[in-house]
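Grab a viewer and work through these short exercises at your own pace. Each one has a task and a step-by-step solution.

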Amino acid sequence: MKKIETIDLKQFGIQTIGNFCDPLTGECYSDDAKEKIMETKIDPVCKMEVKVEGAQYVSDYAGEKYYFCSAGCQHAFEENPAKYVENTVQD
Ligand SMILES: [Zn+2]
C-alpha cells in the first residue's frame, strides 16, 4: 500500500497565506515585497501618507519628487516649496 504524502503547495504556484508564488519561475514573494510595490510618501504639507503608484498630485523640487493628497496641498507647496522641504528635513 502506498503512503499518502503531504503536498507542498508552493511547488505548484498556489497562493498561500502571506506568500505569492509565481507558477512560471517558481519564485515566491512575501507580503514585504508587496508592501514595497505599494510604496507611500509623506505629503510634506499635511503629513498624510500618499501612495506613489497612481499618484495624481506630484511636484518636482530640487531634483526630488513630492507627492500630495490633493490639489490644494500641491498648490500650497508650489507657492513656497522651501518652507515645506525644510520642515520635512527637520522631522
Ligand atoms: Zn495633503
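The exercises below go from confidence and layout to the core, a hairpin and some backbone angles.

**Exercise 1: How far to trust it**

Task: Find where confidence is lowest and where it is highest in this predicted model.

Solution:
- Start with the whole chain: the mean pLDDT is 80, and 70% of the residues reach 70 or more.
- Next, go element by element. Helix α1 (residues 31-37) sits at the bottom with a mean of 61, while α2 tops the list at 97.
- Then check the stretch 87-91, where pLDDT stays under 50 and the model has 2 contacts beyond four places in sequence.
- What to do with that? Where pLDDT is low, don't read the predicted coordinates in detail.

**Exercise 2: Layout of the chain**

Task: Work out how many helices and strands the protein chain has, and in what order they come.

Solution:
- Count them up: 3 helices and 6 strands.
- Walk from the N terminus and you get β-β-α-β-β-β-β-α-α.
- Now look at packing across the chain. Of the 91 residues, 11% are buried.
- For sequence range, take contacts between residues at least 6 apart: 23% of these join residues at least 24 apart.

**Exercise 3: The nonpolar core**

Task: List the residues of the largest nonpolar core, then say which element gives the most to it.

Solution:
- The core has 8 residues, namely V45, V50, Y66, Y67, F68, C73, F77 and Y84.
- Two elements, β6 (64-68) and α2 (71-79), each give two or more residues to this core.
- Of the elements, β6 gives the most, with 3 residues.
- Zoom in on V45: skipping neighbours within four places in sequence, its contacts are F68, C73, A76, F77 and Y84.

**Exercise 4: A hairpin**

Task: Describe how β5 and β6 are joined, and find the partner of V58.

Solution:
- The two strands, β5 and β6, run antiparallel and are joined by 5 bridges.
- One pair to pick out: V58 has Y67 in β6 as its bridge partner.
- The strands make a hairpin with 2 residues between them.
- In the turn you'll meet A62, whose phi is positive, at about 50°.
- Is A62 buried or exposed? A62 is exposed, because just 8 C-beta neighbours fall inside 10 Å and the cut-off for exposed is 12 or fewer.

**Exercise 5: Another positive phi**

Task: Locate K47, check its phi and decide how exposed this residue is.

Solution:
- K47 belongs to the loop between β3 (40-42) and β4 (49-51).
- Its phi is about 65°, a positive value, and K47 is not a glycine.
- That's worth a second look, because most residues other than glycine have a negative phi.
- For exposure, count neighbours: K47 has 13 C-beta neighbours inside 10 Å, so it counts as partly exposed.

**Exercise 6: One end of β6**

Task: Say why E64 is classed as exposed, and how far its C-alpha is from that of V85.

Solution:
- First place the residue: E64 is in strand β6.
- E64 has 12 other C-beta atoms within 10 Å, and the cut-off for exposed is 12 or fewer, so E64 is exposed.
- Finally the distance: E64 and V85 are 21 residues apart in sequence, and their C-alpha atoms are 9.9 Å apart in space.

Terms used. Residues numbered from 1 in each chain as written. Predicted model: local features only at pLDDT ≥ 70, side-chain atom pairs only at ≥ 80, totals over all residues. Core = buried A, V, L, I, M, F, W, Y, C linked by C-beta atoms within 7 Å. Buried ≥ 20, exposed ≤ 12 C-beta atoms within 10 Å, placed from the backbone. Helix = DSSP H or I, 4+ residues; strand = E, 2+ residues; numbered from the N terminus. Contact = placed C-beta atoms within 7 Å. pLDDT = per-residue confidence, 0-100. Pairing = 2+ DSSP bridges.
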